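Subject: Structure handover

Hello,

Here is the structure I said I would pass on. Please open it alongside this note, as the comments refer to residue numbers.

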Amino acid sequence: MLEELKEQVWKANLQLPALDLVVFTWGNVSALDRTRGLFAIKPSGVAYEHLKPSDIVICDFDGNVVEGKLNPSSDTPTHARLYQAWGDEGIGGIVHTHSRWATSWAQAGRAIPCYGTTHADYFYGPIPCMRSLTQSEIEGAYELETGNVIVSGFADDNRNPNECPACLVRNHGPFAWGKNGDEAVYHAKVLEEVACMAAYTEDIFTEQREESKEDPTAPQYLQDKHYLRKHGPNAYYGQPS
């Protein structure tokens with residue numbers, strides 16, 4: 001089973017450069033084996049073109065290496081914290097990147113508003129930007145505290161991570177997740193496209209602001225319609241399972 005998981009995570013990681021979500025080694029994908037309480041993750045600093053299934057590292061929820069010869073991603077404690085908090089809620093894959101548009105919003109410290117149906121199809125409400133980490137958090141268990149900030153941010157806002165499968169960490173970059181590694185990568189790519197569209201929307205709206213004072217945010221009823229037609233109890237988008 002672990003060899004299968006490593007193969008899946010290897011393939012999911014290779015999607016990041018293919019989808020133009022990373023340059024160099026700036027990202028990682030992990031996936032969870034819920035029954036064993038273990039997850040597989042990309043090794044730290046290994047170029048994607050050199051990555052092999054046997055390089056993928058198996059860790060427990062404390063971030064300890066259970067199997068593998070290489071050091072796991074430096075973001076491993078963040079992944080572990082999210083699995084600890086949300087693994088039982090169906091989160092089985094996590095992606096972290098420094099993709100251009102989503103990271104720009106994170107560096108600006110801004111949530112991404114829902115300006116249209118593309119956003120609403122995948123993310124219910126704005127994509128949140130977490131608070132800045134404190135100096136003591138950064139100088140301490142930095143990557144673990146990053147996970148704590150994400151988990152507490154969703155709890156404080158009463159947000160369901162399944163309804164908004166991504167967030168931004170201020171001054172850092174995006175995290176996305178899903179039921180497995182492939183879905184997490186899918187959400188990371190959608191996040192990047194939505195971030196790009198939102199930035200262009202704000203540029204265009206600023207240019208016409210003098211002529212119109214209308215709020216460009218999509219009306220809540222339109223957001224509800226598009227999210228629920230895919231994810232609600234009476235969803236009708238796509239084909240039957």
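Below is what was found, from the whole chain down to single residues.

**Overall fold**

Please keep in mind that this is a predicted model. The chain has eight helices and eight strands. Its radius of gyration is 18 Å, close to the 18 Å that the globule rule gives for 241 residues, so the chain is as compact as a globular protein of that length. The C-alpha trace spans about 60 × 45 × 35 Å along its principal axes.

Of the 241 residues, 47% are buried. Contacts were also sorted by sequence separation. Among those with a separation of 6 or more, 64% join residues 24 or more positions apart. The accessible surface comes to about 12,300 Å². Carbon and sulfur atoms hold 49% of that surface.

**Largest pocket**

Start with the largest pocket, which holds about 450 Å³ of space. Its lining counts 17 residues, and the closest to the pocket centre are N162, E183, H187, Y227 and H231. Three elements each supply at least two lining residues: strand β8 (173–178), helix α7 (181–207) and helix α8 (220–231). By type, the lining has eight nonpolar, five polar and four charged residues.

**Second largest pocket**

The second largest pocket holds about 290 Å³. Here 15 residues form the lining, with L5, Q8, A31, L32 and N180 the closest to the centre. Two or more lining residues come from each of α1 (2–18), β1 (27–33) and α7. Helix α1 gives the most, with five residues. The lining splits into six nonpolar, four polar and five charged residues.

Note the role of α7 in both linings. It gives at least two residues to the largest pocket, and two or more to the second largest.

**Cavity**

How many cavities of 30 Å³ or more does a search of the whole structure find? The search finds one. The space in this cavity is about 40 Å³. Its lining consists of L21, V95, T97, S99, A102, P174, F175, A176, A188 and L191. Strands β5 (93–97) and β8, together with helix α7, each supply at least two of these residues. Strand β8 has the largest share, at three residues. Eight of the lining residues are nonpolar and two are polar, with no charged residue.

Strand β8 and helix α7 are therefore worth displaying together, because each supplies at least two residues to the cavity lining and at least two to the lining of the largest pocket.**Two loop residues with positive phi**

Most residues other than glycine have a negative phi. Two residues here go the other way.

D20 is not a glycine, yet its phi is positive, at about 60 degrees. It sits in the loop between α1 and β1. With a relative accessible area of 51%, D20 is exposed. The cut-off for exposed is over 50%.

N158 also has a positive phi without being a glycine, with a value of about 55 degrees. Its place is the loop between α6 (142–156) and β7 (166–169). Is N158 buried or exposed? Its relative accessibility is 71%, so N158 counts as exposed.

**H119**

H119 lies in the short run of residues 117–120 that forms helix α4. Its relative accessibility is 4%, so H119 counts as buried. What does H119 touch, leaving aside its neighbours within four places in sequence? The contacts are I112, P113, C114, G125, P126, I127 and V194.

**D224**

D224 is found in helix α8, one of the elements that supply at least two residues to the lining of the largest pocket. At a relative accessible area of 23%, D224 is partly exposed. D224 and I204 are 20 residues apart in sequence. Their C-alpha atoms are 25 Å apart in space.

That is the full handover.

Best wishes

Terms used: Residues numbered from 1 in each chain as written. Predicted model: local features only at pLDDT ≥ 70, side-chain atom pairs only at ≥ 80, totals over all residues. Heavy atoms only, no water. Helix = DSSP H or I, 4+ residues; strand = E, 2+ residues; numbered from the N terminus. Buried < 20%, exposed > 50% of the residue type's maximum accessible area, 1.4 Å probe, protein only. Contact = heavy atoms within 4.5 Å. 1 Å grid on protein atoms, 1.4 Å probe; cavity = no way out; pocket = protein on both sides within 12 Å on 5 of 7 lines; lining within 4 Å. Points joined across faces, edges and corners; volume = space filled by probe spheres on them. Nonpolar A, V, L, I, M, F, W, Y, C, P; charged D, E, K, R; others polar. Rg over C-alpha atoms; globule rule 2.2 N^0.38 Å. Areas by Shrake-Rupley, 256 points an atom, 1.4 Å probe, with all protein chains shown as cover.
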